[in-house]
Amino acid sequence: MRQTRERVAVIGCGNRGRVYMDLVAEQADRFEIVAAADPIPSRVSRIKSMAGGKSFKSFSSADDLLDAPKLADVLFVTTQDRYHYEPCIKALHKGYDLVLEKPMCSSIEDIIKLEEVATRLERRVVVCHVLRYTSFYRKLFDIVQSGQLGTLISVNASEGIGPWHFAHSYVRGHWSVMEDSTPTIVAKCSHDMDILHWLIGSRCKRISSFGSLSFFKKENASLEAEYPMFAARRYIEPNVRSWLAQVFDYSGVSEEEILTWLDDSPWGRSVFACNNSAVDHQVVSLEFEGEITATFTMNAFDEGRNYEITGTKARLRAGDFCSQHMDCDIVVSEHAGGKVRKINVKDQNPHPKYGGYHNGGDVGFIKALPKLLGSQTPPLTSLSTSMHSHLMAFAAEEARRTKQVIELSAYYQGHKSSEHALD
Ligand SMILES: NC(=O)c1ccc[n+]([C@@H]2O[C@H](COP(=O)([O-])OP(=O)(O)OC[C@H]3O[C@@H](n4cnc5c(N)ncnc54)[C@H](O)[C@@H]3O)[C@@H](O)[C@H]2O)c1
């Protein structure tokens with residue numbers, strides 16, 4: 001472990017950058033925020049006020065920060081999906097260790113090149129697969145590892161993004177046009193691929209996938225009146241304001257001014273009149289080493305994450321459905337009428353403001369960070385582990401697009417460039 005406080009800088013001070021820096025600022029004995037970069041000055045100012053220190057430096061772009069002499073030990077890269085690779089490569093050459101938001105990069109080629117450079121330069125890159133740092137997923141992992149389910153046979157996992165969340169992010173928002181950001185299965189579900197990879201504990205061998213954009217499209221414009229739940233003016237409702245806050249700083253702004261802002265904003269559009277391409281449902285089937293099979297379903301109209309894990313001795317059900325309807329977080333049922341155990345997971349990282357963010361994963365991740373950066377052993381979300389999860393997600397998209405079974409080792413080799421990464 002490093003002994004002194006880690007000096008932290010951030011590029012991209014939007015939604016994610018702000019949450020991480022707020023949590024980092026709470027650990028003033030372990031971290032010092034020394035710089036931030038974003039073209040929107042108010043966003044940098046907000047980080048500056050969290051940092052508090054007199055030596056804090058503001059920059060208006062990632063390039064400006066990275067052209068300056070190295071000023072921190074760790075750089076958080078929380079810009080949008082398409083602008084991860086270039087600043088990461090520059091920062092690695094400059095000597096920074098990185099905390100990198102998922103998706104790591106917007107193409108698998110770039111992810112592979114990023115790993116090559118980081119490995120060559122011996123820099124640490126920790127990817128924000130924050131779900132691994134929640135008490136719930138840690139408990140799932142421990143149960144699977146303990147052997148109480150027997151030999152693992154199969155996993156069914158699902159993620160319901162939720163209709164409003166989907167409309168906000170994947171119809172009107174940043175990830176609505178897959179070609180300009182990343183495919184939904186990468187943007188949203190690289191978390192789910194990562195959890196499958198972690199729980200199963202082996203590498204994925206092959207993948208098939210189907211899915212499409214069925215509902216949120218122009219052909220369904222006549223349904224507008226039937227679906228008031230998607231109306232843009234709902235952004236002024238108190239329980240929807242937190243979504244607005246992700247894209248518009250409305251403090252001190254009247255309802256009328258919010259509505260005027262919406263008129264000119266992508267978030268003011270009808271969900272049937274956007275130029276979106278993100279699929280609203282997708283299924284993925286996967287085979288892992290050890291002949292373990294898995295399925296994963298992403299669906300805009302379901303809510304929450306759920307798991308069914310079957311082993312030779314017992315089966316497990318877990319997730320949002322259990323919590324809402326079965327009065328527990330996890331149920332383990334031994335086969336042949338054996339014992340049934342209901343488990344409630346106590347959140348080890350409760351937090352008044354961010355406890356609900358990724359099930360407590362954001363809080364757990366930042367708490368674990370000094371250890372992740374400092375220890376000799378690879379972090380839970382090491383670059384190579386996260387690269388495999390991303391490989392699964394990109395291969396799933398390729399399988400969906402081409403309607404073919406994708407062999408992961410061939411897919412990896414096919415995207416590994418013979419050229420050297422950016423220098
Ligand atoms: N871990 C998770 O679960 C999770 C959740 C949501 C988003 N994400 C990912 O986090 C990343 C950031 O998402 P977000 O919602 O915070 O986005 P955002 O749009 O709110 O923030 C991105 C910020 O980058 C800034 N920016 C643009 N160009 C820049 C430049 N040249 N230099 C410096 N800053 C620049 C923008 O002004 C903006 O403030 C994305 O890759 C996203 O997919 C991860």
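**Stop 1: Ala187**

Select Ala187 and show what it touches: leaving aside residues up to four places away in sequence, you should find Asp81, Lys102, Pro103, Tyr170, Trp175 and Thr182. Keep in mind as you click around that this is a predicted model. Ala187 sits in helix H8, which covers residues 184–187. Is Ala187 buried or exposed? Its relative accessibility is 5%, and because buried means under 20%, Ala187 counts as buried. For a sense of scale, draw a distance from Ala187 to Pro352: the two are 165 residues apart in sequence, and their C-alpha atoms are 27 Å apart in space.

**Stop 2: Pro103 and Ser106**

Two of the neighbours of Ala187 are Lys102 and Pro103, so zoom in on the bond joining that pair. The peptide bond from Lys102 to Pro103 is cis, with omega near -5°. Pro103 belongs to the loop between S5 and H5.

Now pick Ser106, found in the loop between strand S5 (97–100) and helix H5 (108–121). Ser106 is buried, at a relative accessible area of 16%. What does Ser106 touch, not counting residues up to four places away in sequence? The answer is Asp81, Arg82, Ser181, Thr182 and Phe394. Asp81 and Thr182 should look familiar, as they also turned up around Ala187.

**Stop 3: the ligand**

Switch to the ligand and show its shell. There are 27 residues around it, and the closest are Asp38, Arg43, Asp81, His191 and His358. Colour the shell by residue type and it divides into 10 nonpolar, 11 polar and 6 charged. Helix H1 (residues 15–25) gives the most to this shell, with 3 residues.

Next, look at some of the polar pairs:

- Arg43: an N or O atom of its side chain is 2.7 Å from an oxygen atom of the ligand.
- Glu101: a polar side-chain atom lies 2.8 Å from a ligand nitrogen.
- Trp175: an N or O atom in the side chain is 3.3 Å from an oxygen atom of the ligand.

How much of the ligand does the protein bury? Taken alone, the ligand exposes 850 Å², and the protein buries 86% of that. Trp175 also takes you back to the start of the tour, as Ala187 touches it.

**Stop 4: helix H4 and what follows**

Select residues 85–94, which is helix H4, and pick out its buried residues: Tyr85, Pro87, Cys88, Ile89, Ala91 and Leu92. What covers them? The cover includes strand S1 (6–11), helix H3 (62–67), strand S4 (74–77), S5, H5 and strand S6 (125–127). After H4 comes Gly95, with a positive phi near 105°.

Move on to Tyr96, in the loop between H4 and S5. Tyr96 counts as buried, at 0% relative accessibility. Its contacts, not counting residues up to four places away in sequence, include Leu65, Leu66, Pro69, Leu75, Ala91 and Arg123. Arg123 is 27 residues apart from Tyr96 in sequence, yet the C-alpha atoms are 7.2 Å apart in space. Look at Leu71 too: its backbone nitrogen lies 3.1 Å from a polar atom of the Tyr96 side chain.

**Stop 5: two residues with positive phi**

Glu122 is in the loop between H5 and S6. Its phi is near 55°, a positive value in a residue other than glycine. Glu122 counts as exposed, at 71% relative accessibility.

Lys403 is in the loop between H14 and strand S15 (406–407). Lys403 is not a glycine either, and its phi is positive at about 55°. With a relative accessible area of 63%, Lys403 is exposed.

**Stop 6: the cores**

Finish inside. The largest nonpolar core has 99 residues, and Leu65, Leu75, Leu196, Ile207, Phe216 and Leu286 have the most contacts inside it. Which helix gives the most to this core? Helix H14 (residues 383–402) does, with 9 residues. Centre on Leu286: among the residues it touches, not counting those up to four places away in sequence, are Met193, Leu196, Ile207, Ile292, Phe296 and Met392. Apart from this core lies another, of 29 residues, including Phe31, Ala36, Val99 and Leu372.

How values were computed. Residues are numbered from 1 along each chain as its sequence is written. This is a predicted model: local features need pLDDT of at least 70, side-chain atom pairs count only at pLDDT 80 or more; totals for chains, interfaces and linings use all residues. Side-chain values use heavy atoms; hydrogens and water are left out. A nonpolar core is a set of buried Ala, Val, Leu, Ile, Met, Phe, Trp, Tyr and Cys residues joined through side-chain atoms within 4.5 Å. Buried means under 20% relative accessible area, exposed over 50%, partly exposed in between (1.4 Å probe, protein chains only). Helices (H or I, at least four residues) and strands (E, at least two) are DSSP runs, numbered from the N terminus. Contact means heavy atoms within 4.5 Å. A residue is near a molecule or strand if one of its heavy atoms lies within 4 Å of it. A polar contact is a pair of N or O atoms within 3.5 Å; within protein, one must be able to donate a hydrogen and the other to accept it, and residues adjacent in sequence count only if both atoms are side-chain atoms. Accessible areas come from the Shrake-Rupley method with a 1.4 Å probe; for residues, only the protein chains shown count as cover. Ala, Val, Leu, Ile, Met, Phe, Trp, Tyr, Cys and Pro count as nonpolar, Asp, Glu, Lys and Arg as charged, and the others, Gly among them, as polar.
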